[in-house]
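Reader: Could you take me on a close look at the largest pocket of this model and the parts that surround it? I would enjoy one connected walk through that region.

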Amino acid sequence: MKKPYVILIGSASGIGKSTIAAELAKSLNIKHLIESDFLRAVVRGIIGKEYAPALHSSSYDAYKHLRNKNRYENYDELISAGFDEHASYVIPAIEKVIQRAITDFDDIVIEGVHLVPGLINIEQFREFANIYFFVLSSDEESHKERFVKRAIQIHRGGKQLDFFKENRIIHDHLLSQAESNDVHVIKAESIENTLEKILSVIHQTCTTVKLINTVDELAEVIDIIINKNNGSMEKVVYNLKGFKEPLTRNINVSDSRDAEKFIETVSADEKKKEYLEGLYNLSEYRETTICAPNQDKIDEIIRELNEKGYVLNE
């Protein structure tokens with residue numbers, strides 16, 4: 001039997017993960033969609049407040065129940081540690097739900113703030129399921145706008161808004177954990193764009209092209225792949241002259257703002273630009289793995305890159 005899909009979508013509160021998870025389940029015709037908040041409610045009914053006060057707090061103020069608070073160097077570390085403590089009580093329940101879905105060969109989408117890369121052990125399921133883990137991100141201004149809207153909708157505006165700073169710390173902590181554990185970070189933009197980026201990873205419509213653009217032309221290459229076609233750049237292989245083994249870089253770039261920041265950094269730092277130009281000069285071309293939501297998008301990306309003369313056609 002084919003492996004079931006297990007799709008995890010995590011983020012800080014107010015990013016839009018519930019909306020994206022619902023649209024993703026609908027797009028993939030997955031009937032099982034579970035919020036980690038419901039699992040937390042079950043676990044709270046089993047483990048009393050006297051035994052797990054962090055669990056019975058909110059994710060953003062669980063730090064108040066940590067012991068030895070003075071061992072944390074700053075407020076960000078304290079908030080992150082409290083959040084991890086809070087989430088750690090819910091994760092065993094999440095893993096049990098995943099195991100049940102696999103046993104029943106059921107596809108499932110699980111979303112929630114408690115899905116913390118590095119704490120939840122997804123490797124134990126890879127042999128038995130097509131498992132995908134995403135963390136949604138947002139710039140601070142967009143996050144605050146969504147956060148206010150969500151707080152009003154759930155009628156906890158005052159309480160929620162008082163803790164936006166703490167939720168932003170949790171946002172950054174989740175992104176750091178995602179980077180450390182090779183979990184895909186997806187920029188939450190419009191529903192359509194965010195969904196396309198997630199589906200491009202799940203459907204794995206990828207190809208490898210030999211790019212011959214210059215460093216100065218890299219911004220236009222990124223614009224074609226990421227901005228215009230919702231694609232991603234997964235890996236770059238440099239076949240360097242005089243070296244037996246190629247230099248491989250796993251970059252996993254799908255967010256336009258992250259790509260733009262990289263371009264700005266290279267443009268502003270002469271040493272970084274010289275280093276990159278040196279790599280380009282030592283390699284006749286760069287084998288770049290590109291992914292997109294579907295084959296039509298891949299074909300369009302290659303067509304546009306060819307029109308600009310950025311592809312080596314042998």
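Author: Here is a walk that begins at the largest pocket, follows the elements that line it, and ends at the second largest pocket. Please keep in mind throughout that this is a predicted model.

Let us start with the space itself. The largest pocket holds about 1,400 Å³. Its lining is made of 47 residues, and those closest to the centre are Asn250, Ile251, Asn252, Val253 and Asp258. Sorted by class, the lining has 21 nonpolar, twelve polar and 14 charged residues.

Which elements supply at least two residues each to this lining? They are the helices α7 (164–180), α9 (218–228), α10 (256–268) and α11 (270–282), together with the strands β5 (184–187), β7 (232–240), β8 (247–253) and β9 (283–292). The largest share belongs to α10, which provides seven residues.

Since α10 gives that largest share, its packing is a good place to look next. The axes of α10 and α11 are 5 Å apart, and the two helices pack at an angle of about 105°. An angle from 65 to 115 degrees counts as roughly perpendicular, and α10 and α11 therefore stand roughly perpendicular to each other. On the α10 side of their contact are Phe262, Thr265, Val266 and Ala268, which meet Glu270, Lys272, Lys273 and Leu276 of α11. By class, that contact has four nonpolar residues, one polar residue and three charged residues.

Now to the strands β7, β8 and β9, which are among the elements of the lining. They belong to an open sheet of four strands with antiparallel pairing, in the order β6-β9-β7-β8. The edges are taken by β6 (205–211) and β8; each has a single partner strand, so one side of each is left without a neighbour in the sheet. From one strand to the next, the twist of this sheet averages 15°.

Within the sheet, β7 is joined to β9 by seven bridges, and the two run antiparallel. One of the residues to find here is valine 236, whose bridge partner in β9 is threonine 288. Helix α9 packs on this sheet and touches β6, β7, β8 and β9, with a direction at about 140° to that of β7. On the other pairing of β7, five bridges link it to β8, again in the antiparallel sense. There, valine 236 stands opposite arginine 249 of β8. Six residues lie between β7 and β8 in the hairpin that they form, and glycine 242 in the turn has a positive phi of about 90°.

The lining also draws on β5 and α7, and these lead us to another sheet. This one is open too, with five strands in the order β2-β3-β1-β4-β5 and parallel pairing. Its edge strands are β2 (32–35) and β5, each of which pairs on one side only. Here the twist averages 25° from one strand to the next. The pairing of β5 with β4 (residues 130–137) is parallel and has four bridges, and in it valine 135 has valine 185 of β5 as its bridge partner. Helix α2 packs on the sheet as well, where it touches β2 and β3 and makes about 60° with the direction of β2. Helix α4 (residues 91–103) lies across β1 (5–10), β2 and β3, and runs at about 170° to β3.

As for α7, its axis comes within 9 Å of the axis of α3 (residues 75–88), and the two cross at roughly 75°. These helices, too, are therefore roughly perpendicular to each other. Tyr75, Asp76, Ile79, Ser80, Phe83 and Asp84 of α3 meet Lys165, Glu166, Ile169, Ile170, His173 and Leu174 of α7. Six nonpolar, two polar and four charged residues make up this contact.

We can finish at the second largest pocket, which has a volume of about 770 Å³. It has 31 lining residues, with Ser13, Gly14, Lys17, Ser18 and Arg150 nearest the centre. Two or more residues come from each of α1 (17–27), α2 (36–46), β3 (108–112), α5 (140–153) and α6 (157–161). By class, there are six nonpolar, 13 polar and twelve charged residues in this lining, beside the 21 nonpolar, twelve polar and 14 charged residues that line the largest pocket.

Notes: Residues are numbered from 1 along each chain as its sequence is written. This is a predicted model: local features need pLDDT of at least 70, side-chain atom pairs count only at pLDDT 80 or more; totals for chains, interfaces and linings use all residues. Side-chain values use heavy atoms; hydrogens and water are left out. On a 1 Å grid over the protein atoms alone, a cavity is a set of points where a 1.4 Å probe fits but cannot get out, and a pocket is an open set with protein on both sides within 12 Å along at least five of seven lines; lining residues have an atom within 4 Å of a point. Grid points are joined across faces, edges and corners, and a volume is the space filled by probe spheres set on the points. Ala, Val, Leu, Ile, Met, Phe, Trp, Tyr, Cys and Pro count as nonpolar, Asp, Glu, Lys and Arg as charged, and the others, Gly among them, as polar. Axes are lines fitted to C-alpha atoms, for helices over the stretch in contact, and angles run from 0 to 180 degrees between N-to-C directions. Angles under 35 degrees count as roughly parallel, over 145 as roughly antiparallel, 65 to 115 as roughly perpendicular and the rest as oblique. Contact means heavy atoms within 4.5 Å. Two strands pair if DSSP finds at least two bridges between them.
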